Amino acid sequence: DLPSESFGDVPITKRVYDLEDLHRLSTSGQDLGEISIDFEKRFGEPLPCLPADSSGSSYKGFVLLIPGHILREIYSDFGPRLLQRNVRSFLQARGKVNRGIRDTILNEPDKFLAYNNGITLTAQAVHMKNGGILSVDGLQIVNGGQTTASLLAARNGKADLSDVFIVAKLIEIESSEHDELLRNVSRYSNTQNRVQEADFSANDPFHIGLEQLSRTSWAPPADGATGHTKWFYERARGQYQDARASSGTPAGRRKFGLENPSRQRFSKTDVAKFEQTWDQLPHRVSSGAQKNFSDFMIRLAGRDQSQADKVFYEKLIAKAILFKQSERIVQRQSFGGYRANIVTYTLAFLSHA
């Protein structure tokens with residue numbers, strides 16, 4: 001440990017940065033890139049499909065029957081990145097729907113096609129060969145994330161999927177219509193697991209940008225700690241547990257936990273809570289998570305802040321630190337209730353002062 005110093009009233013903390021630290025600094029905030037898959041190169045042949053007649057439209061449609069092992073391998077390669085445009089990430093096998101998917105995979109795999117509703121995919125470009133899909137660029141699963149992730153989760157990725165097939169609808173969206181049409185495809189195709197109002201804003205460019213920043217931005221070590229960490233933005237419900245489970249081995253999960261502490265996980269409604277509190281709107285924060293989030297999104301659109309940048313993100317995390325620490329302070333006072341209201345009004349007053 002290097003001794004701390006001070007410059008007048010300013011404390012100075014010394015730290016040693018190695019090559020890994022410098023790499024994290026240089027890559028912080030960079031885009032993770034789009035997902036591209038060459039089916040012929042990866043699986044030996046193009047993926048058979050039935051093109052839909054969508055002439056005159058801003059998209060092209062295809063219907064596919066995807067073998068379970070192919071979908072499992074794709075998800076194993078890319079994990080939660082494949083669900084970035086889904087309103088939810090994998091919710092594990094806790095709910096009734098997901099337990100049913102798992103049980104069908106394990107006990108009645110030949111009936112999976114009959115029981116399952118199928119999945120919906122989007123792509124920015126679909127390349128054809130001999131009537132099949134040779135490759136895709138910008139692939140996303142916008143509905144069916146629970147089905148896809150369940151294929152990998154069943155028996156820790158070792159379930160026999162030779163009799164499992166999934167009906168898939170693939171939509172190629174032109175770049176000029178991409179974001180708006182993709183958001184609508186995601187919204188209208190999700191019906192199985194309960195969806196909260198805030199979930200439908202998951203594909204807003206603001207939240208997508210915030211997620212990308214959270215995955216690549218490293219926070220400096222806290223006093224007394226040695227390793228850098230990230231603040232994990234859960235843009236879609238279940239992303240944190242899904243990313244942790246996708247880390248593979250117990251050692252991989254431990255590393256994920258060290259780099260992404262659960263206490264530094266935050267959601268869309270948390271973002272609204274932090275921002276609305278600092279904007280001195282504690283009465284709106286006190287109206288409840290979903291109502292406050294809706295109000296935040298309306299105000300965000302009014303400010304025309306469609307993209308989150310690194311400066312906004314770092315200020316947001318500063319507000320998150322203030323909020324979470326204030327929650328701990330208020331909790332220790334044992335007021336007997338109203339913690340959320342006390343915290344938001346206190347910090348709103350601090351912002352005003």
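Trainee: How many aromatic pairs are there, and what makes two rings a pair?

Mentor: The count is nine aromatic pairs in this predicted model. Rings of Phe, Tyr and Trp (its six-membered ring) pair if their centres lie within 6.5 Å; planes under 30 degrees apart are stacked, over 60 edge-to-face, and the rest tilted.

Trainee: Why is the pair of F206 and F296 called edge-to-face?

Mentor: Their ring centres are 6.2 Å apart and the planes meet at 65°, so the pair is edge-to-face. F206 belongs to helix 8 (residues 205-216) and F296 to helix 13 (residues 289-302), 90 residues apart. Helices here are DSSP runs of H or I with at least four residues, numbered from the N terminus. Both F206 and F296 are buried, that is, under 20% relative accessible area with a 1.4 Å probe, protein chains only. Ring pairs also join F206, F296 and F312 into a cluster.

Trainee: What makes the pair of F274 and F323 tilted?

Mentor: The planes are at 55° and the centres 5.4 Å apart, so this pair falls between the stacked and edge-to-face cut-offs. F274 is in helix 11 (residues 268-278) and F323 in helix 14 (residues 310-332), so the pair ties together parts 49 residues apart in sequence.

Trainee: How do you know that R215 sits over the ring of F232?

Mentor: A charge counts if NZ of Lys or CZ of Arg is within 6 Å of the ring centre and within 35 degrees of the ring normal. R215 lies over the face of F232 at 3.8 Å from the ring centre, so the distance is within the limit.

Trainee: Which conventions apply to the numbering and atoms?

Mentor: Residues are numbered from 1 along each chain as its sequence is written, and side-chain values use heavy atoms, without hydrogens or water. Local features need pLDDT of at least 70 and side-chain atom pairs 80 or more, while totals for chains, interfaces and linings use all residues.

Conventions. Helices (H or I, at least four residues) and strands (E, at least two) are DSSP runs, numbered from the N terminus. Buried means under 20% relative accessible area, exposed over 50%, partly exposed in between (1.4 Å probe, protein chains only).
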